[in-house]
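Reader: I am new to this structure. Please show it to me, and then I will ask how the terms are earned.

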Amino acid sequence: MSRRSETDVSALIGPYPFRDVPHPDPDVLVRVLDREGIAFAWVGHLPTAFHRDPAAGNDQLYRALEPHRQRLRPAPAVRPDWPDWQRELRRATDEGAAAIRTWPRHWGLDAGHGALQELAMACSAQRLPLVLTVRFEDSRQRHALDVAGDLDAATIRGIARAGTGVKVVVVAASRALIEEVHWGLTAEERALTWYDTSWLWGPPEDDFAHLLRTIGADRLLYGTGWPLRLAQVTRANLALLPDELRSVKLADAGSW
Amino acid sequence: MGAAPLGGAGPLIDVHAHFYHDGCGRANWRQLNASRLSAGRLIGVTWHVGSILGSWGATSPTYFQSPADTIAGNDAMLAMQAVVPDGIRTWAAVNPNDTGLALRELERCSARGAIGLKLAAARRAADPLLDPLMEFAAAQQWPVLHHAWQHRRGPVAGQDASDALDLALLARRHPRVAIILAHLGGGGDWRHTVAAARDVPNLHLDLSGSGADRGMLDCALDAVGARRLVWGADLTLDTGLAKLWALDAIGLSGADRDAVRWRNAVALFPPGAFPGLAR
């Protein structure tokens with residue numbers, strides 16, 4: 001199959017604590033990428049979002065991806081208020097990570113927490129994009145113990161406004177949050193902030209088409225949200241675009 | 001010759017469509033309707049079975065529509081059907097709290113070509129107020145599409161939401177009526193719904209909704225089988241298309257695939273509801 005996209009920026013592996021997710025394994029992800037026509041994926045480790053210390057989860061991520069490094073590039077987690085957090089960042093660099101994931105809501109880091117800006121600064125120095133996840137699931141179905149809540153626009157803006165030079169990639173956001181972040185940034189800040197496509201609505205509301213017309217295709221990155229979401233959603237959204245947008249090209253994180 | 005349908009060859013019935021009219025409070029209502037039809041053509045939707053819920057908040061709440069909004073909404077939907085007679089069918093949507101008007105409205109809409117009863121969340125599904133409406137549906141051989149919240153764990157703002165347990169009570173009380181539980185992917189815990197619906201043979205699940213969780217289709221298939229699933233899109237045709245592709249990806253066979261795409265719907269609606277599609 002010809003490739004439609006270079007890089008899926010929002011894939012994960014590993015089980016989810018609040019519901020069974022079918023075979024969230026790297027070899028399955030590779031087959032999904034083949035089916036969807038995607039060359040590479042930045043891959044995070046889903047269980048690590050629920051760990052206090054991300055180190056062990058990062059170990060598992062590196063090991064699991066080892067046989068698939070040509071296609072699956074690790075996006076390990078760094079918790080910037082944890083002692084010696086810089087060690088995980090160094091390890092990420094040594095392991096050839098494509099990006100860093102951090103989970104502010106799960107680790108209790110709100111908009112004003114200085115550690116997030118420190119992490120952004122450190123990622124920028126290592127030329128590693130910083131991936132922020134808005135949600136794993138629809139808010140209406142969450143487990144009673146799943147109280148972290150969606151990542152809010154203020155926290156994202158706080159990181160994007162900090163002047164660190166880091167590339168910020170926001171995944172699993174819907175139109176309202178994207179607009180609240182994008183139009184709340186300066187032109188320079190917007191130029192360093194991207195959003196994945198995994199949670200955008202297509203027709204008839206046409207949120208995806210609207211964002212292509214307003215914030216532009218160069219702010220949007222291909223994302224599947226696999227293994228939590230059907231990987232086909234972004235492909236469907238692209239296929240259902242109106243004629244004048246049908247040939248649009250999304251930004252390509254693989255070229256960074 | 002046009003391009004092949006994105007959703008695959010063969011008939012495809014969207015049992016859960018919505019259209020808008022000029023009283024809906026959406027300035028772009030024409031654009032929304034046009035977008036649904038345009039995307040439907042790309043996907044290969046052969047029939048949209050639609051409703052307009054009250055005024056969608058313009059003059060009465062979306063889930064508690066006034067008599068005036070009920071009538072205006074059904075009129076608008078029937079007008080859409082008249083404009084696109086070979087592609088649109090109408091759910092007659094009523095508020096069970098206005099029982100007398102609801103029955104008159106069902107008679108009126110039936111005479112004008114409606115093919116099913118749509119109930120939302122103005123009264124919980126298990127309430128006896130629904131019984132006369134269900135008896136009307138049974139007499140007409142109409143299916144009932146009932147809005148649902150997947151696992152209602154408490155009050156839901158803006159609606160008297162029903163979940164699969166409520167719908168199961170209704171279905172057991174009216175075994176001659178085929179009830180379609182709305183939008184399995186429309187919000188809430190769909191695993192709870194699937195478990196509650198498993199042993200209720202006249203309760204069918206529509207796959208629509210913006211929710212596109214992996215595992216949802218597999219779980220529903222395992223629990224109730226392909227003969228009790230019907231395809232739909234609700235407010236997001238993109239996830240509807242993704243689910244069609246996902247059904248192929250999980251290996252749904254040809255006969256089961258046709259069942260979910262259209263054959264089940266044809267069997268649930270009155271004979272002749274979809275000209276050219278036989279049971």
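Reader: Which residue stands opposite Val170(A) in strand 7 of chain A?

Author: Tyr195(A) does. This is a predicted model, where local features need pLDDT of at least 70, side-chain atom pairs count only at pLDDT 80 or more, and totals for chains, interfaces and linings use all residues. Residues are numbered from 1 along each chain as its sequence is written, while chains are lettered from A and ligands numbered from 1 in the order in which they are written.

Reader: What makes strand 6 and strand 7 of chain A a pair?

Author: Strands (DSSP E runs of at least two residues; helices are H or I runs of at least four, and both are numbered from the N terminus) pair if DSSP finds at least two bridges between them. Three bridges join strand 6 to strand 7 of chain A, so they pair. The two run parallel.

Reader: How many bridges join strand 5 of chain A to strand 6 of chain A?

Author: Four, and these strands also run parallel. Val131(A) stands opposite Val169(A) there.

Reader: Which way do the residues of strand 6 of chain A point?

Author: Val168(A) and Val170(A) point one way, Val169(A) and Val171(A) the other. In a regular strand the side chains alternate between the two faces of the sheet. All four are buried, meaning that 20 or more other C-beta atoms, placed from the backbone, lie within 10 Å of the residue's own (12 or fewer is exposed, in between partly exposed).

Reader: Why are the buried residues of helix 6 of chain A said to line one face?

Author: They are Leu177(A), Ile178(A), Val181(A) and His182(A). Seen down the helix axis, they fall within an arc of 125° (taken from the directions from the axis to the C-beta atoms), so they line one face.
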